2 protein chains.
Amino acid sequence: MGYTKDDELAINTIRILAVDATSKANSGHPGAPMGLAPAAHVLFNKFLSFNPKSSSWINRDRFVLSNGHGCLLQYCLLHLFGYDLSLDDIKNFRQIDSKTPGHPEMGDTDGIEVTTGPLGQGFANAVGLAIAQANAAAEFNQDGFDIITNYTYAIFGDGCAMEGVASEAASTAGHLQLGNLIMIYDDNHISIDGDTNCQFTEDVLKRFDAYGWHIQHVEEGNTDLEGIEAAIAKAKEVKDKPSVIKVTTTIGYGSKLQGTGGVHGNALKEDDAEQIKEKFGFNPKEHFVVPQKVYELYSKRAAEGAAVEEKWNQLLEKYGQQHKELHAELLRRQAQKLPEGWEKKLPTYKPSDKANASRKLSEAVLEAIHEVLPELIGGSADLTGSNNTRWKNATDFQPPSTGLGKWSGRYIRYGVREHSMGAIMNGISAYGLHIPFGGTFLNFVSYAAGAVRLSSLSHERVIWVATHDSIGLGEDGPTHQPIETLAHFRALPNMMVWRPADGNETSAAYYMALTSTKTPSILALTRQNLPQLENSTIAHAIKGGYTVIEAESADITLVSTGSEVSLCVDTVKLLKDKHNLTARVVSLPCWEIFDAQDKEYRLSILPDGIPSLSVEVMSTLGWERYSHEQFGLNRFGASGPYKEVYKKFEFTPEGVAKRAVATVDFYKGVKPRSPVNRAFQQLI
Amino acid sequence: MGYTKDDELAINTIRILAVDATSKANSGHPGAPMGLAPAAHVLFNKFLSFNPKSSSWINRDRFVLSNGHGCLLQYCLLHLFGYDLSLDDIKNFRQIDSKTPGHPEMGDTDGIEVTTGPLGQGFANAVGLAIAQANAAAEFNQDGFDIITNYTYAIFGDGCAMEGVASEAASTAGHLQLGNLIMIYDDNHISIDGDTNCQFTEDVLKRFDAYGWHIQHVEEGNTDLEGIEAAIAKAKEVKDKPSVIKVTTTIGYGSKLQGTGGVHGNALKEDDAEQIKEKFGFNPKEHFVVPQKVYELYSKRAAEGAAVEEKWNQLLEKYGQQHKELHAELLRRQAQKLPEGWEKKLPTYKPSDKANASRKLSEAVLEAIHEVLPELIGGSADLTGSNNTRWKNATDFQPPSTGLGKWSGRYIRYGVREHSMGAIMNGISAYGLHIPFGGTFLNFVSYAAGAVRLSSLSHERVIWVATHDSIGLGEDGPTHQPIETLAHFRALPNMMVWRPADGNETSAAYYMALTSTKTPSILALTRQNLPQLENSTIAHAIKGGYTVIEAESADITLVSTGSEVSLCVDTVKLLKDKHNLTARVVSLPCWEIFDAQDKEYRLSILPDGIPSLSVEVMSTLGWERYSHEQFGLNRFGASGPYKEVYKKFEFTPEGVAKRAVATVDFYKGVKPRSPVNRAFQQLI
């Protein structure tokens, strides 16, 4: 309350900076920042707890701009409050290697919590940030020591509200009663196609009410700062529901085109820019002007934030004295360090150990490590019993009032909502104290493709437990049998796709997934049993590829992953007995890791001079990178018992041998170069 | 009304068939069919208009089982009504090459309208079916000739209700006021993780009310046949809203485990199966028993349906007399035949024609052909002005009451809802009278991956207008720049991925997309301008690959797509002038089509003995199939003006030449086999 002309000046400064930056870039979205400046001004100055000089302070309030195209709003706020973002950075908006890319990217810009722009993602990230907060608070707070108390605030627009990923996340947040989550819905009635009347006429607040959210509406979002403040204050009082505040704004407020699609995604014309400046009392001929008063106002707020953190630091120090272990854990987890010796808990196997499905081997890993890794927090998209993602005696992450779990629980019931599961995991990871994992069938990781891509781009350590990884799932049939899925995610930069062949490879996959702090992983796991292989060890598998069966003067290399490695092993004997051919077998559980090994190692596994055949029961696309010939499934599968499905498509020792013989014949008299022997290095 | 013991017997017969079939397969989902049998019985016997002997009758009511795992419900109904599905087919449930796969697959089973199982898809397909009906009715119905009057009915469960794709589609359906759409929500409170209390506690009906649907609740869904009937009848009276009827049922009704997750996805134990049969008056030791009375009851209904069709056929005959042209059009479109000579409208270009963005070349195609192809119905996920998907003077498909369009309009405002756009297009295509297309950025086709995969699996002729197809989109940055997307969809069976290099190739892409009645297409199109190439013709491009620049005794082949083909052309001169190397250039706009050409042709384009380098500004994954060395982008892009982004990643003539020289050097003294020269054929 008590807003003055200075507040108005600050708001108009943001609006005009957005105009100037988009004009200079001749690209970008001025409309949303101009409409949202009042709400953001109130939020940042009256509520958000943060210290611009310490943007990784763990108890800071999190802010997410889900409508990431409006990022100038956030860039301007970061600059004005004194984050590491200069006015020159704003001038460099949307230029190569600037700190101010077209959409906010986590890691590249100080103060950006999550990468947004693909609509709906930020919304779901915010739910993940709130889940992480609630869990961490329950774990770390002690009597007299409210160490973790932050809120998560987010702004989203009509575009986000239309996306299914946000709907899913909203339903989850309502179920979870996340009182620590407050969102502002920018109700400006405009999306790219124009007035939302043409495509989006639902009652958004009623929908959120149905999800179990607390709902409010501020009708004069362009001017009613008191109203915005009162609504956020009221939302903070509601402890057992997430809150959404619909703030009705005018897109491009102040422009001659305000309230129209014309101001959404284009820079303003020069005369329009000039008239706005004049209207708001700025010199129409000057650009990128920030009145000193605005810097002062925002600096004052920044100083308050710094003082809050300082007080918190004192509390943390006392906490360290009275709760030494918890304190050490907090610091360890914040540093993304795993506890000393944790890896000794990883199960290892001998060839004589019983055959098992890799989804169960994955369960054994989780069972073995969950106590030593309290940062692990996981769940499933309603396939718990199939994904084997829940360790015995796990406690659900649930509002205690449900009687179904606790805030300190580490098992999340994501529901049949794969896309939001992926985006929520990104948010949990971004909070900075957890390693999230989530289970679904491999085929349905595709539903979450939008979120998975952002895990990679944002360097989030997120783990997908992707079971039922091939036609080996059997009876569910082609609708559930992935064919293209591994090729898809193998083509995604900064993503480790693992397809382990047995127990040791499964442990290796977890080892790499957990220790790679900047890379997400997808673990493709079988429904069916797999034997434990000779020569498979964690040490071998963490190189991404290794030789399972070596042979001198081999006629062929069979290179494979997962369930087909043991099939290749079975084929070796057949090739020798029936065709007098000597075969080597290579397991390549993770291409990305294998590619990172030195060339000498890679050539020792896939040597020059020996023709090679890849065997994987899905699309062959990409296998040309590691083999001369490919045996796969470039068609959809079939519904039936899995052994019969394998047989139908000739994935039997006989079927592999037939193709191996064809390969050897084809390369008779040719000493082919190894496929990993290349003319030049790729840019990375 | 007036239900008798015979109705009860029929309902229990379905329940017991579901028990027997899952027991025999030892796999599958008995619970949903057992709970839903009453609702389905009422729907099929009192409302659904269909003729089992004529399952492609265009004016049949459409039925979609969105919770496809409950497919035994549908299989049993199809059998009992006399579709081409025998009791033996039911006994063959989930066996290889049966008509009764684990989830219903369109095309493989008589009477199945769309492929369901991946949750939420069927829901959105139903919205598409209803859109197609509304559009066709407006187009074909004439005074006294209500030719197209069918309804679309669907059943969905909690799983579908949780999926974002269904939320998106529900919002769209509400906006569109689809009074021809009636859905039953199977409220059984159970999903795989158990009681929905653990993850799904929202008020579903309130949510649908917010979307603008008409809502009802039948509390005793296991027994209250009159209540179910009254609700559906009431829903039919509501003409300006889609309807949802929440029917509260007991999953696995009759089982000892009824109402629990135990009966969701597992066959019942033998003793349980026996007690159900006893309870329902069946012999506990007999299997797959259908009382004659049930066949009689359902045959009677089937005969009524046949009579309705017969009457309709008579109406159609008169229609043919009075509205000859419309009648011919209806038959033509139903036969999926394009009008004679339509392809002459496709724009063609000479090398001297001006450079243009392929998104605009795509717009020129739509502008040129929309009049001769009235079956084209398209839209955009809120990117109309960017995707260039709307021809001048297009009319929106909108409820007339909005004042924004008409039912006969052919431009759909999908909103920022890519996933449901994909699934709705599948439904529109499945209706049988339209060719749907939808626009978004290529990067966001990934949001719809679940639906795109089902286009392929279901053989739906769906066209994605996927613009802004690379780092060439520039300033929006890495969040919007596809890297993995083409590899993903190239790995998907039965999908044509096109990346045209100029105008003629763009026309060729449309030609193939429109004439391939059983294959969907993704057209990857540029934001930036492209020159018109020498030697590019529609005839060349529809082979999927052709030689743009031929050269005798070439040192290297540069093979490329889309915006990088002209870059390769520019490189040829540089290679000659600076390095005295002769290069050929090959354009490969569609791998899938190229692969379908005979080997001789493919070897003429990518000949033995010449090293080749692929150039495409995204993931190189898969390019090993067509080239010896690859230049691509196996990392995320950057935000900036597109020319600078291309420069940053060395996609310049100099950058290509550098790698071409390295390739030639690497293969000095080696006459490499063509990458298309392979040891054996893939299974297809």
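In which helix of chain A is Gly320(A) found? Gly320(A) belongs to helix α11 of chain A. The structure is a predicted model, in which local features need pLDDT of at least 70, side-chain atom pairs count only at pLDDT 80 or more, and totals for chains, interfaces and linings use all residues. Residues are numbered from 1 along each chain as its sequence is written, chains are lettered from A and ligands numbered from 1 in the order in which they are written, and side-chain values use heavy atoms, with hydrogens and water left out.

**Overall form of chain A**

- Chain A contains 25 helices and 20 strands; these are DSSP runs, helices being H or I of at least four residues and strands E of at least two, numbered from the N terminus.
- The radius of gyration of chain A is 28 Å, which agrees with the value near 26 Å for a compact globule of 684 residues; the radius is taken over C-alpha atoms, and the globule rule is 2.2 Å times the number of residues to the power 0.38.
- Along the principal axes, the C-alpha atoms of chain A fill a box of roughly 90 × 60 × 45 Å.
- Of contacts in chain A between residues at least 6 apart in sequence, 77% join residues at least 24 apart, where contact means heavy atoms within 4.5 Å.

**Surface and charge of chain A**

- Buried residues make up 69% of the 684 residues of chain A; buried means under 20% relative accessible area, exposed over 50%, and partly exposed in between, with a 1.4 Å probe and protein chains only.
- The exposed area of chain A is about 21500 Å², of which carbon and sulfur atoms supply 48%; accessible areas come from the Shrake-Rupley method with a 1.4 Å probe, and for residues only the protein chains shown count as cover.
- Chain A carries 67 positive and 82 negative side chains, and the centres of the two sets are 4 Å apart.
- In that count, Lys and Arg are positive and Asp and Glu negative, while His and the chain ends are not counted; each charge is placed at NZ of Lys, CZ of Arg, CG of Asp or CD of Glu.

**Domains of chain A**

- Chain A is assigned domain 1 (5–307), domain 2 (342–530) and domain 3 (543–683), with bounds that come from an automatic or database domain assignment.
- The centres of domain 1 of chain A and domain 2 of chain A, taken over C-alpha atoms, are separated by 32 Å.
- To the contact between them, domain 1 of chain A gives 33 residues and domain 2 of chain A gives 32 residues.

**Helix α3 of chain A**

- Helix α3 (residues 71–81) of chain A is mostly covered, with 11 of its 11 residues buried.
- The buried residues include Cys71(A), Tyr75(A), His79(A) and Phe81(A).
- These buried residues of α3(A) pack against α1 (5–25), α2 (31–47), β1 (62–65), α4 (87–91), β2 (152–156) and α11 (292–322) of chain A.
- Gly82(A), just after α3(A), has a positive phi of about 100 degrees.

**Individual sites in chain A**

- Gly320(A) counts as buried because its relative accessibility is 17%; its C-alpha atom is separated by 9.9 Å from that of Leu330(A), 10 residues apart along the chain.
- Gly107(A), in the loop between α4 and α5 (121–140) of chain A, counts as exposed at 64% relative accessibility.
- The C-alpha atoms of Gly107(A) and His459(A) are 8.2 Å apart, although 352 residues separate the two along the chain.
- Thr196(A) occupies the loop between β5 (194–195) and α8 (204–211) of chain A and counts as buried at 2% relative accessibility.
- Leaving aside neighbours within four places in sequence, the contacts of Thr196(A) include Asp158(A), His189(A) and Thr201(A).

**Positive phi outside glycine**

- Most residues other than glycine have a negative phi.
- Asn580(A) has a positive phi near 55 degrees; Asn580(A) lies in the loop between α21 (563–579) and β18 (583–587) of chain A and is exposed, with a relative accessible area of 58%.
- Gln336(B) has a positive phi of about 60 degrees; Gln336(B) lies in the loop between α12 (324–334) and β8 (356–357) of chain B and is partly exposed at 26%.

**Phe50 of chain B**

- Phe50(B) is placed in the loop between α2 (31–47) and β1 (62–65) of chain B and counts as buried at 2% relative accessibility.
- Phe50(B) and Glu304(B) are 8.6 Å apart, C-alpha to C-alpha, and 254 residues apart in sequence.
- Not counting residues up to four places away in sequence, Phe50(B) touches several residues, among them Phe44(B), Trp57(B), Phe81(B), Tyr83(B) and Arg301(B).
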